[in-house]
Amino acid sequence: DLFAQLRELRADLAEENDVEVYQIFPQRALFEMCEFFPNTPKLLKKINGLGKVRVENYGEEIIEIIQKYIDNNKLSPKEYVKEEKKEKQSPTKQISYELFKSGKSIAEIAKERELVPSTIESHLSHYVGTGDLPITDLMSKEKYEELKKIMKKIKYESFTDLKHTIDNKFSYNDIRLVALKLGSEKTNM
């Protein structure tokens with residue numbers, strides 16, 4: 001019952017704000033709220049996927065639903081210990097990497113995991129840096145070679161500095177990937 005009420009609230013808020021439902025709060029937050037019954041902003045912030053901004057924007061309505069549920073069922077909030085949960089969870093980068101290796105696209109992984117594509121790109125870039133994922137799995141060889149030459153030639157202090165200097169066909173993620181690849185090549189020499 002609580003799950004259905006919170007899911008309905010999430011759908012209403014998403015429609016109201018013209019965003020995807022996971023941008024209101026992710027599915028895992030929905031499950032955790034039903035498990036722990038957080039009925040204060042402080043308790044709500046402990047839920048994975050509900051940070052300060054989401055609690056400020058939607059917390060009042062979420063807490064109202066949870067408090068009614070607690071009162072109607074004579075319940076009390078359960079203690080939430082993040083440290084224990086983290087030990088049980090697979091590392092998030094690893095999950096994205098395994099899904100990518102199974103053949104899913106970055107967009108598909110982002111949708112499945114209720115994350116934005118740039119987060120998945122960041123997860124995968126970690127494995128380019130470790131050498132476990134060829135950079136050419138994430139960008140064409142031609143694009144990689146061209147950006148590598150530029151990055152070796154141009155002096156820059158930050159990725160933003162470099163981005164303003166080069167062609168718009170290269171994204172921040174492209175720059176990060178090539179920088180990681182160049183960094184891993186230096187350590188392997």
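Are Phe37 and Tyr69 buried or exposed? In this predicted model, both Phe37 and Tyr69 are buried, and they make a convenient place to enter the structure. A search of the whole structure finds three aromatic pairs, and one of them joins Phe37 to Tyr69 in a tilted arrangement, with 5.9 Å from centre to centre and 35° between the planes. Phe37 belongs to the loop between α3 (27-36) and α4 (41-44), whereas Tyr69 sits in helix α5 (residues 52-73), so the pair ties together parts that are 32 residues apart in sequence.

Helix α5 also contains Ile66, which counts as buried because its relative accessibility is 0%. Leaving aside residues up to four places away in sequence, Ile66 touches Leu2, Leu6, Met33, Phe37, Pro38 and Asn39; Phe37, a member of the tilted pair, is thus one of the residues that Ile66 touches. Between Ile66 and Phe36, which are 30 residues apart in sequence, the C-alpha to C-alpha distance is 9.8 Å.

Leu2, Leu6 and Met33, which are among the residues touched by Ile66, reappear where α1 and α3 pack. Two packed helices are described by the angle between their axes and the distance between the axes. For helix α1 (residues 2-17) and α3, the axes come within 9 Å and cross at roughly 145°, and the crossing is right-handed. On the α1 side the contact is made by Leu2, Phe3, Leu6, Arg7 and Arg10, and on the α3 side by Gln27, Leu30, Phe31, Met33 and Cys34. By class, these residues divide into seven nonpolar, one polar and two charged.

The loop between α1 and α2 (21-24) holds Asp18, whose phi is near 55°, a positive value in a residue other than glycine. Most residues other than glycine have a negative phi. With a relative accessibility of 70%, above the 50% cut-off, Asp18 counts as exposed.

A second helix crossing is found further along the chain, where the axes of helix α8 (residues 106-113) and helix α9 (residues 117-130) come within 8 Å and cross at roughly 110°. Since angles of 65 to 115 degrees count as roughly perpendicular, α8 and α9 are therefore described as roughly perpendicular to each other, and their crossing is right-handed. Helix α8 contributes Ile106, Ile109, Ala110 and Arg113 to the contact, while α9 contributes Pro117, Ile120, Glu121, His123 and Leu124. The contact of α8 with α9 has six nonpolar, one polar and two charged residues.

In the loop between α8 and α9 lies Glu114, which again has a positive phi near 55° in a residue other than glycine. Is Glu114 buried or exposed? Its relative accessible area is 19%, and because buried means under 20%, Glu114 is buried, whereas Asp18 counts as exposed.

Helix α9 also takes part in another aromatic pair, that of Tyr97 and Tyr127, whose rings have their centres 4.2 Å apart and their planes at 20°, so the pair is stacked. Tyr97 lies in helix α7 (residues 92-101) and Tyr127 in helix α9, so this pair ties together parts that are 30 residues apart in sequence. Tyr97 is buried, with a relative accessible area of 14%, and Tyr127, at 8% relative accessibility, counts as buried too.

Terms used: Residues are numbered from 1 along each chain as its sequence is written. This is a predicted model: local features need pLDDT of at least 70, side-chain atom pairs count only at pLDDT 80 or more; totals for chains, interfaces and linings use all residues. Side-chain values use heavy atoms; hydrogens and water are left out. Axes are lines fitted to C-alpha atoms, for helices over the stretch in contact, and angles run from 0 to 180 degrees between N-to-C directions. Helices (H or I, at least four residues) and strands (E, at least two) are DSSP runs, numbered from the N terminus. Angles under 35 degrees count as roughly parallel, over 145 as roughly antiparallel, 65 to 115 as roughly perpendicular and the rest as oblique. A crossing is left-handed if the near helix is turned anticlockwise from the far one by less than a right angle, and right-handed if clockwise. Contact means heavy atoms within 4.5 Å. Ala, Val, Leu, Ile, Met, Phe, Trp, Tyr, Cys and Pro count as nonpolar, Asp, Glu, Lys and Arg as charged, and the others, Gly among them, as polar. Rings of Phe, Tyr and Trp (its six-membered ring) pair if their centres lie within 6.5 Å; planes under 30 degrees apart count as stacked, over 60 as edge-to-face and the rest as tilted. Buried means under 20% relative accessible area, exposed over 50%, partly exposed in between (1.4 Å probe, protein chains only).
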